[in-house]
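User: Hi! I have a two-part question list for this one, mostly about empty space and contacts. Could you walk me through it?

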Number of protein chains: 2
Amino acid sequence: MRFSSKVQKCGLSPMRKFHPFAVAAEAKGKKIYHLNIGQPDVKTPPAFFDAIKKFEQPVLAYAPSPGLPVLIDAIQDYYDKLNMHFDKSEILITTGGSEALAIVLQCILDDGDEILIPEPFYPNYNTMTRTCGASIHPIPTSPEEGYHYADRAKIEKEINEHTRAIMVTNPGNPTGVVLTKEEMRMIVDVAKEHDLFLIGDEAYREFVYGGEALQSFGEFDDAKDNVIVVDTVSKRFSACGARIGCLITRNKELLGQAMKYCQSRLSVATLDQIASANLYTVGPEYFAAVREEYKKRRDTVVAKLAEIPGVQCKCPGGAFYLMAALPVDDADKFQMWLLEEFDDNGDTVMFAPGEPFYGTPGKGKNEIRIAYVLEQEKLERAMDLLALGIKKYNETH
Amino acid sequence: MRFSSKVQKCGLSPMRKFHPFAVAAEAKGKKIYHLNIGQPDVKTPPAFFDAIKKFEQPVLAYAPSPGLPVLIDAIQDYYDKLNMHFDKSEILITTGGSEALAIVLQCILDDGDEILIPEPFYPNYNTMTRTCGASIHPIPTSPEEGYHYADRAKIEKEINEHTRAIMVTNPGNPTGVVLTKEEMRMIVDVAKEHDLFLIGDEAYREFVYGGEALQSFGEFDDAKDNVIVVDTVSKRFSACGARIGCLITRNKELLGQAMKYCQSRLSVATLDQIASANLYTVGPEYFAAVREEYKKRRDTVVAKLAEIPGVQCKCPGGAFYLMAALPVDDADKFQMWLLEEFDDNGDTVMFAPGEPFYGTPGKGKNEIRIAYVLEQEKLERAMDLLALGIKKYNETH
């Protein structure tokens, strides 16, 4: 019995690779500070749980395939407040942003097609693309330039006859890079001129620290047929476990194709949709407080990194990740050493080694992604452990 | 901009096709009795809502990609009680049975591959198969034989070099056909001998009306590498809106491939998993009552059909559907006429026309699927409307 050639080209999550070694280290009594995963520690607004507790229907029935009207209305209203108007029919509710991405890619990619994505990028994009028979064509960036990719020449150089779409995570995971309005305009123009879809994964939209207005590729309504926005409540409301996202586009044909997928999986979880709709009643003070907290954390991480000799890191503008180049030979080996050989008073630290975030072989070997999802005091300790680890690792290697 | 050639081969749900006409009929004041959809009217056990109301964690975090241990344990225990043992690692929690099916097919099908499915079959299998670049090769059946397909010669005749798997829904949707233990054994043997996967979609396992023990292809542990069971809480507990299912197999390599998909979509909704685990505390009296109710309904539908001249229907053994051949030229045209032209004291009836359940072009034209998801009195009225409709339709056509 054979398996699909496409799934065989996919790999397991690189983020989970160190899990057994972390378990073993903990079994030996080590305490691990986790900077390796994007699970925020911020409380989910009670509005979510309140709505669920109020549910009184006797039968937990299927929701409509495109989503529950109450949630579609809430999302439409959220975008209206950001000065972007979408028809209700232009918003399809999905099981997390992940399903929205998977549906979009399944709709637009064929065997041999390519999708342009700035590297480093979220590694799950690989599985989603390869299972369509397509591949990611990376737009190269460098740590020295702060992973900046919004350069017309740099992007256009990579477009070829196989290119079907440009996909960007903005604000960026893993880099934290935030596009300016002018850069977004330029990318939209490139997509239009080359007849490409432009997919904006905007999961981290609220997490921008320069005081700027919230942005979306959805603003560019002169590119109705090109732009696809992927959104989710996961990070916005620290509700990752709700698995509620959406696919937004003004491209009617794409909506029609996507609906085939929506119908084939019947519906998205009913209660999570109802509860997520209620999340949108949360006021701006919630976001202001969360933003302030993450901004402080980012500043802590960047300041601590600046004190470590040989580390390369430009202060990123958003999300709750950053990439940094370390003065070590191999971040993967270094991580394993931190788990197996190193401790400081019984403590050690985990990050995500950079290589799996790259599409170009060999790149990212000395880079790491840091997720600043720990509160201030723990974050400082984690960064001190990283600094001490680098010093000791280089003394012994 | 182009769309995937695979998604273009898919269609929208045939079950939704009549929806706008139903809305129009209702707008004119008609009352419609719905025998067309598989949404049970049975109450969801309060155990589901109780568990959700007790959830007290401040952050609604991602669950592990293969599923929450509490739910995996509950499912393992459920199967242990049916005398089938699965390791915890052999149970992957999915977003409904639909996701389990989609993952399995993505893992095992390549472009040009075929999967054998007895027809008539659940139409969503088409989208799930075509998006893999593969196709359904139907095993033909007939209304005269009560849609019986468990015949070695009939099945083996359809196997060719492209065949990768046999998939059966047991008990059957749309036919209600229930396999005997001997028939299951034979199908397992065929799969083993021809080196095929055998996928059992067992969403309706509890809905058998002959007093027989509950069955599963998972019982055949001599076919470890062949058998894949797809299961769900949707119908078992009338919890369709929870979107909780699972993929069960002893095939380690398949589990490894499937895990790539599980990780790429991160996790299944956390609260729905916790609540679904609690559903498994429901006692046998729940199932006995539900089974009794559906059995009565089945008997009502079959008895009423027997009274209509020219209708062909053998009493099916399970699920809450049956297929019947009507003495009309075209069930599709007849359905439209029932919505647009017919009423009896303002009432009319909907069913699902049979053609979209077939893979062989032209088959099923005068057949319909009836979902007996209405309580007794409404069901009787719906069946009387069907009888009257057939009579009047044939007088005018």
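User: Let's start with the holes. How many cavities of 30 Å³ or more does the structure hold?

Analyst: Happy to help. Keep in mind that this is a predicted model. It holds 13 cavities of 30 Å³ or more.

User: What volume does the largest cavity have?

Analyst: The largest cavity comes out at about 590 Å³.

User: And which residues lie nearest its centre?

Analyst: Those are E99(A), A102(A) and Y261(A) from chain A, plus E99(B) and A102(B) from chain B. The full lining of this cavity has 28 residues.

User: Which elements give two or more residues to that lining?

Analyst: In chain A they are helix 5 (96–108), helix 6 (124–130) and helix 9 (252–264). In chain B they are helix 5 (96–108), helix 6 (124–130) and helix 9 (252–264).

User: How do the lining residues of the largest cavity divide into nonpolar, polar and charged?

Analyst: You get eight nonpolar, 14 polar and six charged residues there.

User: OK, pockets now. What is the volume of the second largest pocket?

Analyst: The second largest pocket has a volume of about 980 Å³. Its lining takes in 44 residues, and the closest to the centre are R16(A), I37(A), G38(A), Y62(B) and L266(B).

User: Which elements each supply at least two residues of that lining?

Analyst: From chain A, helix 2 (19–27), strand 1 (31–34), helix 5, helix 6 and strand 7 (227–232) do, and from chain B, helix 9 does. By class, the lining of this pocket has 22 nonpolar, 16 polar and six charged residues.

User: Let's turn to the interface. How many residues of chain A are in contact with chain B?

Analyst: 79 residues of chain A contact 79 residues of chain B. The two chains bury about 6,400 Å² between them, with 55% of that on carbon and sulfur atoms.

User: How many salt bridges and polar contacts does the rule find across it?

Analyst: Four salt bridges cross the interface of chain A and chain B, and 32 residue pairs are in polar contact there.

User: Which element of chain A gives the most to the side that touches chain B?

Analyst: Helix 9 of chain A does, with nine residues. That side of chain A divides into 34 nonpolar, 27 polar and 18 charged residues.

User: Where do the side chains of D113(A) and R2(B) come in?

Analyst: They meet in a salt bridge, at 3.1 Å from N to O. In general, side chains of opposite charge can pair when their charged atoms come close.

User: And how many salt bridges over all chains?

Analyst: There are 62 over all chains. One in chain A brings the side chains of D332(A) and K17(A) together at 2.7 Å, N to O. D332(A) sits in helix 12 (residues 331–340) and K17(A) in the loop between helix 1 and helix 2, so far as sequence goes 315 residues apart.

User: Last topic, the backbone. Which residues does a cis peptide bond join in chain A?

Analyst: N170(A) and P171(A), with omega at about -10°. P171(A) is in the loop between strand 5 (163–169) and helix 8 (181–193) of chain A. In chain B, the bond from N173(B) to P174(B) is cis, with omega near 15°. P174(B) is in the loop between strand 5 (163–169) and helix 8 (181–193) of chain B.

User: What about phi of N345(A), positive or negative?

Analyst: Positive, near 50°, in a residue other than glycine. N345(A) is found in the loop between helix 12 and strand 10 (347–350) of chain A.

Conventions:
Residues numbered from 1 in each chain as written. Chains lettered and ligands numbered in written order. Predicted model: local features only at pLDDT ≥ 70, side-chain atom pairs only at ≥ 80, totals over all residues. Heavy atoms only, no water. 1 Å grid on protein atoms, 1.4 Å probe; cavity = no way out; pocket = protein on both sides within 12 Å on 5 of 7 lines; lining within 4 Å. Points joined across faces, edges and corners; volume = space filled by probe spheres on them. Helix = DSSP H or I, 4+ residues; strand = E, 2+ residues; numbered from the N terminus. Nonpolar A, V, L, I, M, F, W, Y, C, P; charged D, E, K, R; others polar. Contact = heavy atoms within 4.5 Å. Buried area = accessible area lost by both parts, 1.4 Å probe. Polar contact = N/O pair within 3.5 Å; in protein donor to acceptor, adjacent residues only side chain to side chain.
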